[in-house]
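I am opening a notebook on this structure. I want to look up its pockets, one of its helices and its nonpolar cores.

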Amino acid sequence: MPKGEGKLIANNKKAYHDFFIEETYEAGLVLQGTEIKAIRAGRVNLKDSYARIQNGEAWLYSMHVSPYEQGNRYNHDPLRTRKLLLHNREIAKLIGETKEAGYALVPLKLYLKNGYAKVLIGLAKGKKNYDKREDLKKKEAKREIERAFRDRQK
């Protein structure tokens, strides 16, 4: 199965709006206790999360995984820092690329692939306001064209 494919759990639409995505990487997640059950239930929010490389390891910050309802005392901290599983060569490459000004690591998707939770991480460069407005104009124009084409079909 190619990277980025599987049962989609959460999508970070805000990342596509705020950043230019240059490259993507598929990373596994180190989870605790009932986190995988909460993820399978779709109780995840990627909106304000980000990734960072520290001491040769990749970490995912502020990804909110709600506590599992039947988890009682075995539940986890919803905003804990989670380790990302990447190959050493990928981490080395990311260290070099994130040292450049303006680059960030942003989670784009969370999905299940062969029973494992995976995160699609994007190497991203921030957009300026005028870039965001331009993208919105293109999106609106595309929508208008599709609407006109659909009306003409009737």
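Entry 1, a helix. I call a residue buried when its relative accessible area is under 20%, and exposed when that area is over 50%. I note that the model is predicted.

I looked up α3 (88-98) with that cut-off in hand. I found I91, L94 and E97 buried in α3. Viewed down the axis of α3, these buried residues fall within an arc of 130 degrees, so they line one face of the helix. I then checked the face turned away from the buried side of α3, and it carries the exposed residues N88 and R89. What do the buried residues of α3 pack against? I listed β2 (19-29), β4, β5 (57-61), β8 and β9 (116-126).

Entry 2, the cores. I recall that in soluble globular proteins nonpolar side chains tend to be buried together. Here I found that the largest nonpolar core has 26 residues. Inside this core, L29, V44, L84 and L110 have the most contacts. I noted which elements supply at least two residues each, and among them are β1 (7-11), α2 (35-40), α3 and β8. β9 gives the most to this core, with four residues.

I followed L29 further. Leaving aside its neighbours within four places in sequence, I found L29 in contact with L60, M63, R82, K83, L84, L85, L110, A117 and V119. I also found a second, separate core of six residues, which includes A15, V106, L108 and Y111.

Entry 3, the largest pocket. I read a volume of about 220 Å³ for the largest pocket. Its lining is made of Y50, A51, R52, I53, N55, G56, I95, T98, K99, Y103, A104 and L105. The elements giving two or more residues to this lining are β4 (50-54), α3 and β8 (103-113). Which of the elements gives the largest share? I found that β4 does, with four residues. By class, I noted seven nonpolar, three polar and two charged residues in the lining of the largest pocket.

Entry 4, the second largest pocket. I read a volume of about 160 Å³ for this one. K13, Y16, H17, K127, D135, L136, K138 and K139 line the second largest pocket. α1 (13-18) and α4 (129-153) each supply at least two residues of this lining, and α4 has the largest share, four residues. I noted the classes of this lining as two nonpolar, one polar and five charged.

Key. Residues numbered from 1 in each chain as written. Predicted model: local features only at pLDDT ≥ 70, side-chain atom pairs only at ≥ 80, totals over all residues. Heavy atoms only, no water. 1 Å grid on protein atoms, 1.4 Å probe; cavity = no way out; pocket = protein on both sides within 12 Å on 5 of 7 lines; lining within 4 Å. Points joined across faces, edges and corners; volume = space filled by probe spheres on them. Nonpolar A, V, L, I, M, F, W, Y, C, P; charged D, E, K, R; others polar. Buried < 20%, exposed > 50% of the residue type's maximum accessible area, 1.4 Å probe, protein only. Arc of directions from axis to C-beta. Contact = heavy atoms within 4.5 Å. Core = buried A, V, L, I, M, F, W, Y, C linked by side-chain atoms within 4.5 Å.
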